[in-house]
Amino acid sequence: MRNKFIIIMTAIVLPFILSGCVKEEKQSKPLSRTEIFMGTAIKITLYNGGSDKILDKAFNRVVEIENLVSINKDGTEIDKLNENAGISSVKVSDTSYDIIDKGLYYSELSKGKYDLTVGPLVKLWSIGLPEAKVPTNKEINEIIKNIDYSKVKMNPETKEVFLTEKNMMLDLGSIAKGYATDEIVNILKKEGVEQAIVNLGGNIYAMGLKNGTSNWKIGIQNPFDERGSIVGSIEVTDKSVVTSGVYERFIEKDSIKYHHILSPKTGYPYETEIAGVSIIADKSIDADALSTLVFTEGLKEGIELVNNLDGVDAIFITSNKKVYMTDGLKESFEMKNKEFVLSN
């Protein structure tokens, strides 16, 4: 459904964390590990404590989630669910059920402009894969008939899910990484970790206070430049920051660029003035879904939507390099790039 900007922590967060403070030098050395799962680099850094055993638990949970909900692996629950579309319901784990349920919530919130059943369209375009292509109008018109979140039936008592029409296909790519990020954070908290940075393919969670005294500073990706180039920074604690944009993953045909955020209604990439958006929320699963959903709304409606959600804020970067933000970020955002203009 879309790709996430991977905000490399060593390039963005660590310069703020390791900025020459004498007290910081006295702290224990951070414990960090990076591995590749869910099609992306996952980095977990523990500060002032923690152990390899705790990191093992966190990464093992990610593997469990991937083996349940990936559409790029054979035999997963989502793979089985898609195979049984229009045939029968499938009993799934609590993990898969919860992710699907949350995805359907946001599908309903957007009235289908964000739709968890967009899988057939994503597969048709395959943007970011070797088989990527610009489909014909005929192909698109046939495919979008199979997209309708209201045709997903959920049974909360039996944990069964039924895709009621053949050729339907769930794609959890816009929300599963957020769920996994939250699961990592839950494990770290249960293990007594108080300060950590979790970076799951651009889903950042800043846990606790830096050195136990101050907020973390997180860089906001410049959607027009290479990873690690930032527009500005925000101060957060116990928050997730998730960034999405239209410039990093696309295909080009006849000098026209087609980005990866596809409309379930038209079958084509959304036409929007938004180049990148960063969502700040208590839960990464919410930030993950909303970072895609707001593209479907456009700038004005996207700002209004986020302002009406409790505990959620957003930074919008437009194609003409203007920066807009929701009400809750007025005091915490700091501009770092003179090429951009902060707008009211």
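Visitor: What makes Ile-100 count as being in contact with Leu-172?

Guide: The cut-off is heavy atoms within 4.5 Å, and in this predicted model Leu-172 is one of the residues that Ile-100 meets. Leaving aside neighbours within four places in sequence, the other partners of Ile-100 are Ile-78, Leu-81, Leu-116, Met-154, Val-161 and Leu-170.

Visitor: And why is the set around Ile-100 called a nonpolar core?

Guide: Because such a set is made of buried residues of the listed nonpolar kinds, joined through side-chain atoms within 4.5 Å. The largest one here has 69 residues, with Ile-100 and Leu-172 among those that have the most contacts inside it, alongside Ile-44, Ile-184, Leu-188, Ile-279 and Phe-316. Helix H4 (residues 52–69) gives the largest share, eight residues. Another core lies apart from it, with 19 residues, including Ala-206, Ile-218, Ile-220 and Met-325.

Visitor: How do you know that S7 and S10 pair?

Guide: Pairing takes at least two bridges. Strand S7 (residues 203–207) and strand S10 (residues 239–245) have four, so they pair, and in the antiparallel sense. Ala-206, from that 19-residue core, has Lys-239 in S10 as its bridge partner.

Visitor: What makes S1 and S17 edge strands?

Guide: Strand S1 (31–37) and strand S17 (341–342) each pair on one side only. They end the order S1-S2-S6-S7-S10-S13-S14-S15-S17, an open sheet of nine strands with mixed pairing. Helix H11 (residues 299–307) lies across S13, S14 and S15 of that sheet, at about 165° to S14.

Visitor: How do you know that S4 and S5 pair too?

Guide: The same test: at least two bridges are needed, and four join strand S4 (residues 152–155) to strand S5 (residues 160–163), which run antiparallel. Val-152 stands opposite Leu-163. Four residues sit between the strands of this hairpin, where Lys-159 takes a positive phi near 60°.

Visitor: Why is the contact of H6 with H10 said to have six nonpolar and two charged residues?

Guide: Go through the residues that meet: Lys-102, Tyr-106 and Leu-109 in H6, with Ile-285, Asp-286, Ala-289, Leu-290 and Leu-293 in H10. Lys and Asp count as charged, while Tyr, Leu, Ile and Ala count as nonpolar. That gives six nonpolar, two charged and no polar residues.

Visitor: What is the geometry of H6 and H10?

Guide: Helix H6 (residues 94–109) and helix H10 (residues 284–297) pack at about 35°, with their axes 11 Å apart. Their crossing is right-handed.

Note on methods:
Residues are numbered from 1 along each chain as its sequence is written. This is a predicted model: local features need pLDDT of at least 70, side-chain atom pairs count only at pLDDT 80 or more; totals for chains, interfaces and linings use all residues. Side-chain values use heavy atoms; hydrogens and water are left out. Helices (H or I, at least four residues) and strands (E, at least two) are DSSP runs, numbered from the N terminus. Axes are lines fitted to C-alpha atoms, for helices over the stretch in contact, and angles run from 0 to 180 degrees between N-to-C directions. A crossing is left-handed if the near helix is turned anticlockwise from the far one by less than a right angle, and right-handed if clockwise. Buried means under 20% relative accessible area, exposed over 50%, partly exposed in between (1.4 Å probe, protein chains only).
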